[in-house]
Amino acid sequence: MFILKLTKLVAILEFPKYKLPYWLGNKFRGGFGSVLLKAVCGYLQPKCDNCRSKEDCLYYALYVRDKQRRGKSHPVRPIIFIPPFFGRSVEGNGELEVRINIFGDYVKYIPHIVYGLRYLGKTGLNANSKYELKEIRDFFTEEVVYDGESVNVEGLRTIDLGKISGKKFKKLKVEFITPIEVVKVPLPLSHVLHMVRRRLILYVNEYGEGEVFDYACKDSILNSKWKKHKLYYKSKREGERFFIAYTGKAEYDVEMDENAGRLLKIGELIGAGAKSSFGMGFFKTEIIG
């Protein structure tokens, strides 16, 4: 019923030492943008909206473009960094894993992603957290795409989310591993699915084609545990702001159709709800009955 290409990568960052904040979503979104602009733009005072190269510019697509292909809101972005969420300040050394979602034909910008992550590593996520981009692997095949020296595009596998199948089950556990912005918790599974479908529709409208299927789901919450987070970020237009978001997990009794199962599998890949560009709304599931 719809077509949406997804390429998913896993970047391995090696830190001699790090001192990292409560939340990294804004660090990767903003930090990558800063180094990308320096890499792709030759203007001392860029004026992106008037630039003749903007339609082919990755920086414009990720940080400036403000009109959807279908609709009037700000578009979802074609490349998403999903760093681990700590929920506390951490110190240490060693490897950290960052997942990367690439939608549509933006997989052609793999060299830009590699360059940007390497440059950001030299700059550091902060003064105490410089890293080396050790490796990038394909999420689906585990083939090495970048080995520290060269890019192997033959290791990439792009899937069509419209071809994912689903199955029905009666009991399910869902755990949000990055924060999701919601008004209140606990979250019914039907509402989680609603948020997945809404995010999926935005991506299909922007980088795919067709219409997203509907679903049927009734559920009851068996038990749940949630934690509230106040996530600060900086905006060039509005200064320092914050989100209220939650992480947590819940177990459900479920009555559902196969389309609901499809949405859950898609949701594990693309997440749910708003703020996708900050790596928010990602979860994992476990069938328990």
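This passage describes a four-stranded sheet, the helices packed on it, the nonpolar cores and the aromatic contacts of a predicted model. Because the model is predicted, local features need pLDDT of at least 70 and side-chain atom pairs count only at pLDDT 80 or more, whereas totals for chains, interfaces and linings use all residues. Residues are numbered from 1 along each chain as its sequence is written, and side-chain values use heavy atoms, with hydrogens and water left out.

Four strands form an open sheet in the order β10-β11-β8-β12 with antiparallel pairing, where strands (E, at least two residues) and helices (H or I, at least four) are DSSP runs numbered from the N terminus and two strands pair if DSSP finds at least two bridges between them. Since β10 (217–235) and β12 (283–287) stand at the edges with a single partner strand each, one side of each is left without a neighbour in the sheet. The twist averages 10 degrees from one strand to the next, angles being taken from 0 to 180 degrees between the N-to-C directions of lines fitted to C-alpha atoms, for helices over the stretch in contact. Strands β8 (residues 171–180) and β11 (residues 239–256) run antiparallel and are joined by seven bridges, and E175 stands opposite K249 in β11.

Helix α4 (residues 189–207) lies across β8, β10, β11 and β12 and runs at about 50 degrees to β10. Helix α5 (residues 258–270) also packs on the sheet, touching β8, β10, β11 and β12 (contact: heavy atoms within 4.5 Å), and its direction makes about 135 degrees with that of β12.

The largest nonpolar core, a set of buried Ala, Val, Leu, Ile, Met, Phe, Trp, Tyr and Cys residues joined through side-chain atoms within 4.5 Å, holds 81 residues, of which L117, L161, L189 and L200 touch the most other members. Its largest share, nine residues, comes from α4. Not counting residues up to four places away in sequence, the contacts of L189 include L172, V174, Y252, V254 and L264.

Aromatic pairs, defined by ring centres within 6.5 Å for Phe, Tyr and Trp (its six-membered ring), with planes under 30 degrees apart stacked, over 60 edge-to-face and the rest tilted, number 21. Y22 and F85 form an edge-to-face pair, at 5.9 Å centre to centre and 75 degrees between the planes. Y22 is partly exposed, with a relative accessible area of 27%, whereas F85 is buried at 17% (buried is under 20%, exposed over 50%, partly exposed in between; 1.4 Å probe, protein chains only).
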